[in-house]
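Me: I would like to go through this model with you. Could we start with the helix and then turn to the strands and the core?

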Amino acid sequence: FGGGTDYGCTPQEHPDGESLFQEVCLDGGTERAGSGQYDKIGNGTGGYRCSCCGAPLFQSETKFESGTGWPSFAAPVEGAIGYAKDAVTSVEVHCATCGAHLGHVFPDGEDPTGYRYCINSVCLTYAW
């Protein structure tokens with residue numbers, strides 16, 4: 001990933017605003033489907049970092065269009081994601097570095113992993 005900048009942010013300085021950042025990244029909520037800035041963006045080169053701490057999370061080439069309304073990725077950067085059982089059928093994913101809530105992972109994704117990491121845009125920063 002380019003940059004190497006520390007994106008350690010507070011809700012007040014996040015581009016999507018204090019309340020959405022707080023609700024999703026810090027409190028474990030979910031942004032409205034189709035509302036995120038990275039839902040429709042192309043892959044390009046580079047990747048996506050945690051909007052809270054700047055840790056690398058996903059390479060651009062693993063992003064795919066799932067039709068769900070949230071950015072979807074086939075695989076994270078190794079060691080970047082932490083997992084927690086969220087409900088009977090879902091697994092929550094969070095940044096392994098800072099613990100920010102990112103979204104969920106489902107077993108209905110594309111090759112090569114078969115997983116779909118469904119991530120809230122507000123939790124991501126694109127680095128190219």
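**Helix, strands and core**

Me: What follows H1, and what is the sign of its phi?
Reply: Gly28 follows H1, and its phi is positive, near 80 degrees. Helices (H or I, at least four residues) and strands (E, at least two) are DSSP runs, numbered from the N terminus. This is a predicted model: local features need pLDDT of at least 70, side-chain atom pairs count only at pLDDT 80 or more, and totals for chains, interfaces and linings use all residues. Residues are numbered from 1 along each chain as its sequence is written, and side-chain values use heavy atoms, with hydrogens and water left out.

Me: Which residues of H1 are buried?
Reply: In H1 (residues 18-26), they are Phe21, Val24 and Cys25; buried means under 20% relative accessible area with a 1.4 Å probe, protein chains only. Seen down the axis of H1, these fall within an arc of 90 degrees, so they line one face of the helix. The arc is that of the directions from the helix axis to the C-beta atoms.

Me: Which strand do they pack against?
Reply: The buried residues of H1 pack against S7 (101-106), with contact meaning heavy atoms within 4.5 Å.

Me: Changing topic, how do S1 and S2 pair?
Reply: S1 (residues 47-50) and S2 (residues 56-59) are antiparallel, with three bridges; pairing requires at least two DSSP bridges between two strands. Tyr48 has Phe58 in S2 as its bridge partner.

Me: And which element supplies the largest share of the largest nonpolar core?
Reply: That core has 25 residues, and H1 supplies its largest share, three residues. Such a core is a set of buried Ala, Val, Leu, Ile, Met, Phe, Trp, Tyr and Cys residues joined through side-chain atoms within 4.5 Å.

How values were computed:
Buried < 20%, exposed > 50% of the residue type's maximum accessible area, 1.4 Å probe, protein only.
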